[in-house]
Amino acid sequence: MPVHAYAAQSAKSPLTPFEYEPGEIGREEVEVRVSHCGICHSDIHLIDNDWGISSYPMVPGHEVVGTVVRKGPGVANVNEGDRVGVGWQSGSCGVCEFCVHAEENLCASQSATCVGHYGGYADCVRVDSRFAIRIPEGLASENAAPLLCGGITVYTPLRVYDVRPNMSVGVIGVGGLGHLAVQYASAWGCEVTALSTSDNKQEEALALGANHFVNTSKPDAMALVAGRFDFILSTVPADLDWSAYLNSLRPKGKLCLVGVPQSEIHFPGFPLIAGQKSVCGSPIGSPAMISEMLSFSARHTIEARTERFPLEKVNDALAHVRANRARYRVVLDVAGVA
Ligand code: NAP
Ligand code: ZN
């Protein structure tokens, strides 16, 4: 049975219907019948070949929820009929230092769901079963799909950088990742400031758990937050005034990037030295961390606020995200595409 998907045939081109034969299922593989797939901004970077790693035809999609419909003979962790999620990562070597310590997201030989592999803007996707994670019952599929990349990417830094409940946390960008970061940091117990360029997101950011909202496009905004944060998470896919953000950290504060800037980052060394500050980054999260994040989300009723488009309207959906009009994650409804 062919897989029915939507693919970009070249960099920046609109997506068009595309079919492919998935071939024999691998020993450790599962085939997931997709019901929902979120549109992460990384899909847009990949369609546009911003990172120089895309190959075409390119089927985006790495915020998948669906049902396991087939599995290889070596698969023991999930069964046919299970509702699972698949994120950015679709495989790893399984034997390196990072894989054996449940840090597969740091494996040098990892594979990605939609890089050199056909992703989730499709009726089916196949991955190594270790990267198909069961979804807890309390989470609705359409709201859970964005947790598989957006959610885990902002949850992991709270854990690995030891963010504590008494800390002041700034979240730059209230988009797909950012609106989830506000919710996690708030549930974590932190004092949360949403740093946004969109005034019309203020009310919802506060409703999602932010204690403060700062419009960073106003001239005095960065002076207002000078010396305020213990931890800043930047979820923005653009270049910012990084020096101003370093200045908004308290001593020992960390500026953590998960959003991918367009250019190299430059900032003066002195504030890092004098304030013992750090600049760091974080990629997605391991399967164990994804399971933990999903349980945490179900327990704290954290979910993505979504707008839904049928898969056939994927180009309209992508335009909506590119225009920064999504509130806050666009999710494609995939059932019935064939
Ligand atoms: P998104 O939904 O498009 O949201 C990005 C937000 O950033 C926008 O809503 C906007 O928020 C703000 N923004 C956009 N352009 C801006 C600009 N020029 N200046 C200032 N702010 C701007 O994107 P997303 O899906 O959350 O992804 C964000 C980034 O994270 C992308 O670069 C993506 O590739 C990256 N990412 C990284 C990982 C990882 O593992 N590290 C995983 C997933 C995604 P306001 O309107 O509030 O200003
Ligand atoms: Zn993503």
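In the classification used here, Ala, Val, Leu, Ile, Met, Phe, Trp, Tyr, Cys and Pro count as nonpolar, Asp, Glu, Lys and Arg as charged, and the others, Gly among them, as polar. On that basis, the lining of the largest cavity holds 4 nonpolar, 4 polar and no charged residues. The model is predicted.

A search of the whole structure finds 2 cavities of 30 Å³ or more. The largest cavity has a volume of about 40 Å³. Its lining consists of Gly87, Trp88, Gln89, Phe131, Gly285, Ser286, Pro287 and Ile290. Because Gly is counted among the polar residues, Gly87 and Gly285 of this lining fall in the polar class.

The second largest cavity encloses about 30 Å³. Val154, Leu158, Val169, Val171, Ala181, Ala185, Phe231 and Leu233 form its lining. By class, these residues are 8 nonpolar, no polar and no charged. At least two lining residues come from each of helix 4 (150-160), strand 10 (168-172), helix 5 and strand 13 (229-234).

Strands 10 and 13 also belong to an open sheet of 6 strands. The strand order is 12-11-10-13-14-15, and the pairing is parallel. Strand 12 (212-215) and strand 15 (278-281) stand at the edges. Each has a single partner strand, so one side of each is left without a neighbour in the sheet. From one strand to the next, the twist averages 20°. Strand 14 (residues 249-257) pairs with strand 15 in the parallel sense over 4 bridges. Within this pairing, Leu255 has Val279 of strand 15 as its bridge partner.

The largest pocket contains about 940 Å³ of space. Its lining comprises 47 residues. Of these, His41, Thr235, Val236, Pro237 and Gly259 lie nearest the pocket centre. The lining divides into 23 nonpolar, 20 polar and 4 charged residues. Five elements each supply at least two lining residues: helix 1 (41-47), helix 5 (176-187), strand 11 (191-196), helix 11 (314-322) and strand 17 (329-333). Helix 5 thus contributes to the lining of the largest pocket and to that of the second largest cavity. Strand 11 lines the pocket and is a member of the open sheet.

Ligand 1 is surrounded by 29 residues. The closest are Ser196, Thr197, Ser198, Lys201 and Arg329. Oxygen atoms of the ligand make polar contacts with both backbone and side-chain atoms. A polar side-chain atom of Lys201 lies 2.7 Å from an oxygen atom of ligand 1. For Leu177, a backbone N or O atom lies 2.8 Å from a ligand oxygen. For Val260, a backbone N or O atom lies 3.0 Å from a ligand oxygen.

Three features of the backbone complete the description. Most residues other than glycine have a negative phi, and most peptide bonds are trans. A cis peptide bond joins Tyr56 and Pro57, with omega about 0°. Pro57 lies in the loop between helix 1 and strand 4 (64-71). Another cis peptide bond joins Arg327 and Tyr328, with omega about -10°. Tyr328 is in the loop between helix 11 and strand 17, two elements that supply residues to the lining of the largest pocket. Ala102, a residue other than glycine, has a positive phi, near 55°. Ala102 sits in the loop between helix 2 (97-100) and strand 7 (111-112).

Key: Residues numbered from 1 in each chain as written. Chains lettered and ligands numbered in written order. Predicted model: local features only at pLDDT ≥ 70, side-chain atom pairs only at ≥ 80, totals over all residues. Heavy atoms only, no water. 1 Å grid on protein atoms, 1.4 Å probe; cavity = no way out; pocket = protein on both sides within 12 Å on 5 of 7 lines; lining within 4 Å. Points joined across faces, edges and corners; volume = space filled by probe spheres on them. Pairing = 2+ DSSP bridges. Axes fitted to C-alpha atoms, helices over the stretch in contact; angles between N-to-C directions. Near = heavy atom within 4 Å. Polar contact = N/O pair within 3.5 Å; in protein donor to acceptor, adjacent residues only side chain to side chain.
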